Amino acid sequence: QRQMCIRDRKNIKELFTPCLIVEESKLSKNIQRIKSLVSKRNVNFRPHLKTVKCKEITKMFIDEFGSSAMVSTIEEIEQLKDCGITDFLYSVAIVPNKLDRIAKSISKNCNITVSVDHILMAKELVNFYKQTGVKINAVIELDFDGHRSGIRPDAEDKLYEIGKCLNDAGLFRGVMSHAGESYGLSNSEDLLKCAKNEADQTLKAVSILEEASINCELVTIGSTPTVLSNYKNDKITELRAGVFVFFDLVQTGVGICKVEEIALSVLTSVISVNKEINGIIVDAGWMAMSRDRGTSSQQIDYGYGQVCYENGELIKDLLLTNVQQEHGIIQMRNGSNAKLPDIKIGDMLRILPNHACATAAAHSCYNVVNNKNKVTNVWDRFNGW
């Protein structure tokens, strides 16, 4: 999708809607929150670039965390390798038809590590190295909650077979895990237990491998909720997180941020007022917001997004309750005593997203605003795999 990003428009009212808004002060505070946390724990941190897909924010990460990053697409490697990232970890289990493309990005200044969870793929990596001389390192992906790819951390035979295959060829780096179940939690006590389990299960696999003289240089774990749970284990070499940079409504439901800390929103124009349904119609539908309903299973359901005034001020109980392709319907929360604000056609509103990654993916740039609601920068972003 091609989107008009006007770089000489300094007033938010001049922006073409729908478009992405990033509040720079909140973005900076969110980054510094993680920086302070990992500094106190004295642990390496690898930011996930899948949320931002943006050179300017990637450079901020490099300034704060160093030259390692995680990605979920090869496009991210190709677009961002010139920013100063020298150590990429590709999070999606690798398949043979992606090896040639990955190999083209590898250089003395760009190392790429992939993840595997099957002996057949480990052998493919080794054969590729023998045939091309291109060294693509690998970690074993672990799964301890059954939510997607990876092998169980107590699967000794599989761990040994994959680890030995990669290690004998000089391609093995360690193990990687992701506590996906953390997104279904909602209190600090459960998050702490989840983070501890994430570390314990990962280290179980490390122990099995090291007993077989297969050393794990990289022991990498993480998700935004577990990183922010304040759990620490000195045997973990690296933490990872991504959506922390913006936060979103799902993360507020998990309990790791406040609604007021969400840095990303969609600016939208009021195109109609429908008194029959006591609703406001805007030009941000699911193409601009996504269909993500991640808060529907949480204590507070925000529909498709929490509505704010143009300056970012929250409007109590005003939600994006329904979305069509290019239309969004805004109404009061069911049961609320609050009244629909006096909004007219042409007014602008902001909508906070349920899932920052999904909403950002609908747009080609970030309009960066300061505390005075003025546009100070426009940062390009990209999509693709």
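Trainee: Where is Ala361 found in this model?

Mentor: Ala361 is found in the loop between helix 11 and strand 16, the latter covering residues 365–369. Please keep in mind that the model is predicted. Ala361 is partly exposed, having a relative accessible area of 35%.

Trainee: How many residues separate Ala361 and Arg381 along the chain, and what is the distance between their C-alpha atoms?

Mentor: These two residues are 20 apart along the chain, and their C-alpha atoms are separated by 8.6 Å. Another pair can be read in this manner: Lys98 and Ile74 are 24 residues apart in sequence, with 8.4 Å between their C-alpha atoms. Lys98 lies in the loop between strand 4 (87–90) and helix 4 (99–105), and its relative accessibility of 26% makes it partly exposed.

Trainee: Which loop holds Phe247, and is this residue buried or exposed?

Mentor: Phe247 is in the loop between strand 9 and helix 9. The residue is buried, with a relative accessible area of 1%. From C-alpha to C-alpha, Phe247 and Ala356 are 6.8 Å apart in space, although their positions lie 109 residues apart in sequence. As a further case, Glu210 belongs to helix 7, residues 188–211, and is partly exposed at 41% relative accessibility. The C-alpha atom of Glu210 is 9.6 Å from that of Tyr160, at a separation of 50 residues along the chain.

Trainee: Let us turn to the pockets. How much space lies in the largest pocket, and which residues lie nearest its centre?

Mentor: The largest pocket holds about 880 Å³ of space. Its lining consists of 39 residues, and those nearest the centre are His48, Lys50, Arg148, His355 and Cys357.

Trainee: Which elements each supply at least two residues of that lining, and how do the lining residues divide by character?

Mentor: Strand 9 (238–241), helix 9 (249–254) and helix 11 (356–360) each supply at least two residues. By character, the lining of the largest pocket comprises 12 nonpolar, 19 polar and 8 charged residues.

Trainee: How should one read the faces of a helix, with helix 1 as the example?

Mentor: The general idea is periodicity: an α-helix has 3.6 residues a turn, so residues three or four places apart point the same way. Helix 1 runs over residues 24–41, a total of 18 residues. From its first C-alpha to its last, helix 1 reaches 26 Å, close to the 26 Å expected at 1.5 Å a residue. Its buried residues are Lys26, Leu27, Asn30, Ile31, Ile34, Leu37, Val38 and Arg41. Viewed down the axis of helix 1, these buried residues fall within an arc of 135 degrees, so they line one face of the helix.

Trainee: Which exposed residues does the face turned away from the buried side of helix 1 carry?

Mentor: That face carries the exposed residues Lys29 and Lys40.

Trainee: What should one look for in the backbone angles?

Mentor: Most residues other than glycine have a negative phi, and most peptide bonds are trans. Asn42 is not a glycine, yet it has a positive phi of about 55 degrees. Asn42 is placed in the loop between helix 1 and strand 2 (44–47) and is exposed at 70% relative accessibility. Ser290 also has a positive phi, near 85 degrees. Ser290 is found in the loop between helix 10 (286–289) and strand 12 (306–309), where it is buried, with a relative accessible area of 13%.

Trainee: Is the peptide bond from Thr17 to Pro18 cis or trans?

Mentor: That bond is cis, with omega near 0 degrees. Pro18 lies in the segment before strand 1, which covers residues 19–23.

Trainee: Finally, how many disulfides does the structure hold?

Mentor: A disulfide is a covalent bond between the sulfur atoms of two cysteines. The structure holds 0 disulfides.

Trainee: Why is the sulfur of Cys110 not bonded to the closest cysteine sulfur?

Mentor: The closest cysteine sulfur, in Cys83, is 11 Å from the sulfur of Cys110, which is too far for a bond. The cut-off for a disulfide is a pair of sulfur atoms within 2.5 Å. Cys110 is buried, with a relative accessible area of 4%. Cys165 is likewise in no disulfide, the nearest cysteine sulfur being that of Cys216, 15 Å away. Cys165 counts as buried at 17% relative accessibility.

Methods: Residues numbered from 1 in each chain as written. Predicted model: local features only at pLDDT ≥ 70, side-chain atom pairs only at ≥ 80, totals over all residues. Heavy atoms only, no water. 1 Å grid on protein atoms, 1.4 Å probe; cavity = no way out; pocket = protein on both sides within 12 Å on 5 of 7 lines; lining within 4 Å. Points joined across faces, edges and corners; volume = space filled by probe spheres on them. Helix = DSSP H or I, 4+ residues; strand = E, 2+ residues; numbered from the N terminus. Nonpolar A, V, L, I, M, F, W, Y, C, P; charged D, E, K, R; others polar. Buried < 20%, exposed > 50% of the residue type's maximum accessible area, 1.4 Å probe, protein only. Expected span 1.5 Å × (residues − 1). Arc of directions from axis to C-beta.
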